[in-house]
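I opened my notebook for a friendly walk through this model. Here is what I looked up, entry by entry.

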Amino acid sequence: MSGMKRFRFWFLIFSVQLILAVVVPTAVLFSLPARELSSALEIPGLILEELPLQDAMKQVEGFYQTIVSQGTIVFEGQDRQVQIPYSSIGLVFDAAEVLQELGKGRYQNRLFELIGKADPIRKQFGAAPYMNEALFREEFSVIQELCHIEPQNARLVLRQKAVSVTPSVIGRIFDVDKAREYVTEQLRTNPADQIILSESKTPWLFTAIEPEITTERLQDFTQVYSYIQGTIPDEKTQAFDSLLQPLDNLMIQEGDSFSFRDSIPLFKGTDPLQQLLASSIYQAILPVAELRVLNRKAADQPVPGIEPGFEVSFEDGADLEFKNTANIPLMLVFQLEHDGSWITALVGQPGLRYGVVRAEYTKIQPSVIYSQQNDLPKDAKEVLEPGRNGLTAVVYRMTGDESVKLYEDVYQPVHKIIGVGTGIKKKDIIFK
């Protein structure tokens, strides 16, 4: 064997031995587990460092179980505090991912242990929280009720033929959906910290609700266009007040129409109080020409307690309807005192031309009708129907020096009927 071949032979043998000397021990070290299966992980509120895997897993499970069993959500109101335990909302933490991450944080084998090759310690990781949505909403319904403020419209109040404004109130609701998102995020990032909800600390959970009619909107409603007064018996005050509630401070926008039938929740055309209320509204709108009457039926006879020519009858399906053709909104305002005195007023911004409405009356004398009655004595007479005067009511609107006739209502007289016996001759009746 030549020198060169001998050199190559021994070089190959040496190389194989060298490779075996490195590879075999490395393979053995790779196959052997680390002597101390230590773990290192940082969970918000808990640090695990150089712990055996099983001990680390027990600490993680105990950590989250303690949070669920002892943790609470605290709501701080102005005069009340509410605590909602985590257990009452079905809270659970998905610790499976954390436990899986723990395994990645330890030495994998004897080789990595010798060279110190492991994942960086104190890696941030947390368990995902889950809650029962139905239970969450049920528990937070108490907070919703505590926080709820119903918005209140600004209102006009009559004060000696003038009006003042009662300020509006901004409403408020507690947003449960936003609260659930916030609580979930807090439990994910800081599960060990107590969650406190309040209007000062978590204002984004509270939603303000503006009223439909604000104080600013009514500041210019200073013009009283009409002012109608009357009285009702004391025993009917409460019933009349119930009728006023849906109509008081009713805004009639530009171009809108009003229907009395549609505005009363329990309409009853035969109710004298409803007829009185409708008639007062009718009389209140007449001074303003821009309030165009669409539907109004006069009664056959004058109605007690209502000035003739201004009553509203609901017979045969009739209604009180009118339309606001002005370029500004108008509002109906009512006032009822304990003694039964009431006021109906039409109020709005200044600018409309309005007048005074009055009626002129003319009596209509009834006719006398004689009717022979077989059951009367021969020469006897008896008043069967005393009769009643009729009336013509002509209604005018006086605006400055201008007088405009609006309409004429006629109340037919009730004829007087006299019964006579059969012994009285027709010619004697005529010339009596």
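**Entry 1: two crossing helices**

I started with helix H5 (residues 133-147) and helix H6 (residues 176-189), whose axes come within 10 Å and cross at roughly 115°. For the record, helices (H or I, at least four residues) and strands (E, at least two) are DSSP runs numbered from the N terminus. Axes are lines fitted to C-alpha atoms, for helices over the stretch in contact, and angles run from 0 to 180 degrees between N-to-C directions. I noted the crossing of H5 and H6 as right-handed; a crossing is left-handed if the near helix is turned anticlockwise from the far one by less than a right angle, and right-handed if clockwise.

Before going on, I wrote down the ground rules: this is a predicted model, where local features need pLDDT of at least 70, side-chain atom pairs count only at pLDDT 80 or more, and totals for chains, interfaces and linings use all residues. Residues are numbered from 1 along each chain as its sequence is written, and side-chain values use heavy atoms, with hydrogens and water left out.

Which residues of H5 and H6 meet? From H5 I listed Glu-133, Phe-136, Arg-137, Phe-140 and Gln-144, and from H6 Val-176, Asp-177, Ala-179, Arg-180 and Val-183. Contact means heavy atoms within 4.5 Å. Sorted by class, the contact of H5 with H6 has 5 nonpolar, 1 polar and 4 charged residues. The classes are: Ala, Val, Leu, Ile, Met, Phe, Trp, Tyr, Cys and Pro nonpolar, Asp, Glu, Lys and Arg charged, and the others, Gly among them, polar.

I then picked out Arg-137, which lies in H5. Arg-137 touches Val-176 and Asp-177, not counting residues up to four places away in sequence. From Arg-137 to Ala-179 I have 42 residues in sequence and 9.9 Å in space, C-alpha to C-alpha. At 35% relative accessibility, Arg-137 counts as partly exposed; buried means under 20% relative accessible area, exposed over 50%, and partly exposed in between (1.4 Å probe, protein chains only).

**Entry 2: the sheet beside H6**

Next I followed H6 to an open sheet of 3 strands, in the order S4-S3-S10 with mixed pairing. Two strands pair if DSSP finds at least two bridges between them. Strand S4 (81-85) and strand S10 (195-198) are the edge strands, each pairing on one side only. On average, neighbouring strands of this sheet are turned by 20° against each other, direction ignored. S3 and S10 pair in the parallel sense over 4 bridges, and Glu-76 stands opposite Ser-198 in S10. H6 packs on this sheet, touching S3 and S10, and its direction makes about 155° with that of S10.

Is Thr-72, in strand S3 (residues 72-76), buried or exposed? I found Thr-72 buried, with a relative accessible area of 15%. The side chains of Thr-72 and Gln-194 share a polar contact of 3.4 Å (a pair of N or O atoms within 3.5 Å; within protein, one must be able to donate a hydrogen and the other to accept it, and residues adjacent in sequence count only if both atoms are side-chain atoms). Leaving aside neighbours within four places in sequence, the contacts of Thr-72 include Ile-84, Tyr-86 and Ile-195.

**Entry 3: a second sheet**

I moved to an open sheet of 4 strands, ordered S12-S18-S17-S13 with antiparallel pairing. Strand S12 (223-231) and strand S13 (250-252) stand at the edges with a single partner strand each, so one side of each is left without a neighbour in the sheet. The twist averages 20° from one strand to the next. Strand S17 (residues 330-336) and strand S18 (residues 341-348) pair over 7 bridges, and Leu-336 has Trp-342 in S18 as its bridge partner. Helix H8 (residues 237-244) packs on the sheet, touching S17 and S18, with its direction at about 165° to that of S17.

**Entry 4: two positive phi values**

I closed with Asn-249, whose phi is near 60°, a positive value in a residue other than glycine. Asn-249 sits in the loop between H8 and S13 and is buried at 9% relative accessible area. Asp-316 also has a phi near 60°, but Asp-316 is exposed, with a relative accessible area of 77%.
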